[in-house]
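Let's take a walk through this structure together. Have the sequence and the 3D view open, and we will go one stop at a time.

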Amino acid sequence: MTTLAPEAAREPKDTPAIRMVDVNKWYGEFQVLRDINLDVARGERIVICGPSGSGKSTLIRCINRLEEYQKGRIIVDDVELTNNSKRIEEIRREVGMVFQHFNLFPHLTILENCTLAPIWVRKLPKKEAEAIAMRYLERVKIPEQANKYPGQLSGGQQQRVAIARSLCMNPKIMLFDEPTSALDPEMVKEVLDTMVTLAEEGMTMLVVTHEMGFARQVADRVIFMDQGQIVEMNTPDEFFSNARNERTKIFLGQIL
Ligand code: ADP
Ligand code: MG
């Protein structure tokens, strides 16, 4: 049986999947990331939370180089991110990303959304790409939607397609940026369930979310960001019961 997490995600290696060393980033005069140091082990699940504007999206967008940073180093699967565009392509193939607003191509069917990158980037034959796409659509429980267009699906279904589409590229790492925050409440669970399955199968995941139930269930570590800094990083148990930082306590008081 096909599992949700592709084979590559479960290769044993002892170097970190992601290493960020003293990463600093500015938008003009405004410093958005300050001295970010973070090692993510292979197979580790990390949840990032924090107030709006604290730099969560910017941090994870730096990992697949959707954003540049001005100081520090980021090493992804033993490849140092530099301005070398070939290397950036290499990393983007290994790092899947799921956004708040799905970002599916509206004029392509669900199946075409899932096969586009495997055909054009991975150079897979169309039939093979379609077979892989159908396997993942089955795994996210919507194979019957394959020939529809994104606009015909609910938000929760579209987000599951976005996850399946990423998995079709056989990523080693998955980044999620508030994947459930644009969904109606009744659709949140179906998307979180898909993510829980992926986590249980060993995918390395960095998830920006305020779904604290998800954090408790699957996170190895929870990170709290404020004003561009990681101000707290701990196991979920410690994080929720024994937050040390004042700003973390205030934040948890507001959302729990
Ligand atoms: P979060 O995801 O935690 O809400 P972001 O990483 O999106 O935070 O943004 C962090 C800060 O950087 C915010 O103050 C935001 O206004 C600012 N910012 C984000 N993108 C840009 C940009 N392209 N240019 C200038 N400022 C930006
Ligand atoms: Mg954000």
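What follows looks at a ligand site and then at two helix pairs.

Before setting off, keep in mind that this is a predicted model.

Our opening stop is ligand 1. Which residues surround it? Tyr-27, Phe-30 and Val-32 are around the ligand, and so are Pro-51, Ser-52, Gly-53, Ser-54, Gly-55, Lys-56, Ser-57 and Thr-58. Some of these residues also place polar atoms close enough to the ligand to count as polar contacts, for which the cut-off is 3.5 Å between N or O atoms. Tyr-27 does this through its side chain, with a polar atom 3.3 Å from a nitrogen atom of ligand 1. The two glycines use their backbones instead: a polar backbone atom of Gly-53 is 2.7 Å from an oxygen atom of ligand 1, and a polar backbone atom of Gly-55 is 3.0 Å from an oxygen atom of the ligand.

Now please turn to helices α3 and α4, which span residues 110–120 and 126–139. Their axes are 9 Å apart and meet at an angle of about 125°. With that angle, α3 is oblique to α4, and the crossing is right-handed. From α3, the contact draws on Ile-110, Leu-111, Cys-114, Thr-115, Pro-118 and Ile-119. Helix α4 answers with Lys-126, Ala-129, Glu-130, Ala-133, Met-134 and Leu-137. Sorted by class, the residues of this contact are 9 nonpolar, 1 polar and 2 charged.

The last stop is the pair formed by α5 (residues 155–167) and α6 (residues 185–200). How are these two helices oriented, and how far apart are their axes? They pack at an angle of about 20°, with 8 Å between the axes. Because angles under 35 degrees count as roughly parallel, α5 is roughly parallel to α6. The crossing of α5 and α6 is right-handed. On the α5 side, Gly-155, Gly-156, Gln-157, Gln-159, Arg-160, Ile-163 and Leu-167 take part; they meet Met-187, Glu-190, Val-191, Thr-194, Met-195 and Leu-198 of α6. Here the contact residues comprise 6 nonpolar, 5 polar and 2 charged.

Conventions: Residues numbered from 1 in each chain as written. Chains lettered and ligands numbered in written order. Predicted model: local features only at pLDDT ≥ 70, side-chain atom pairs only at ≥ 80, totals over all residues. Heavy atoms only, no water. Axes fitted to C-alpha atoms, helices over the stretch in contact; angles between N-to-C directions. Helix = DSSP H or I, 4+ residues; strand = E, 2+ residues; numbered from the N terminus. Parallel < 35°, antiparallel > 145°, perpendicular 65-115°, else oblique. Left-handed = near helix turned anticlockwise from the far one by under 90°. Contact = heavy atoms within 4.5 Å. Nonpolar A, V, L, I, M, F, W, Y, C, P; charged D, E, K, R; others polar. Near = heavy atom within 4 Å. Polar contact = N/O pair within 3.5 Å; in protein donor to acceptor, adjacent residues only side chain to side chain.
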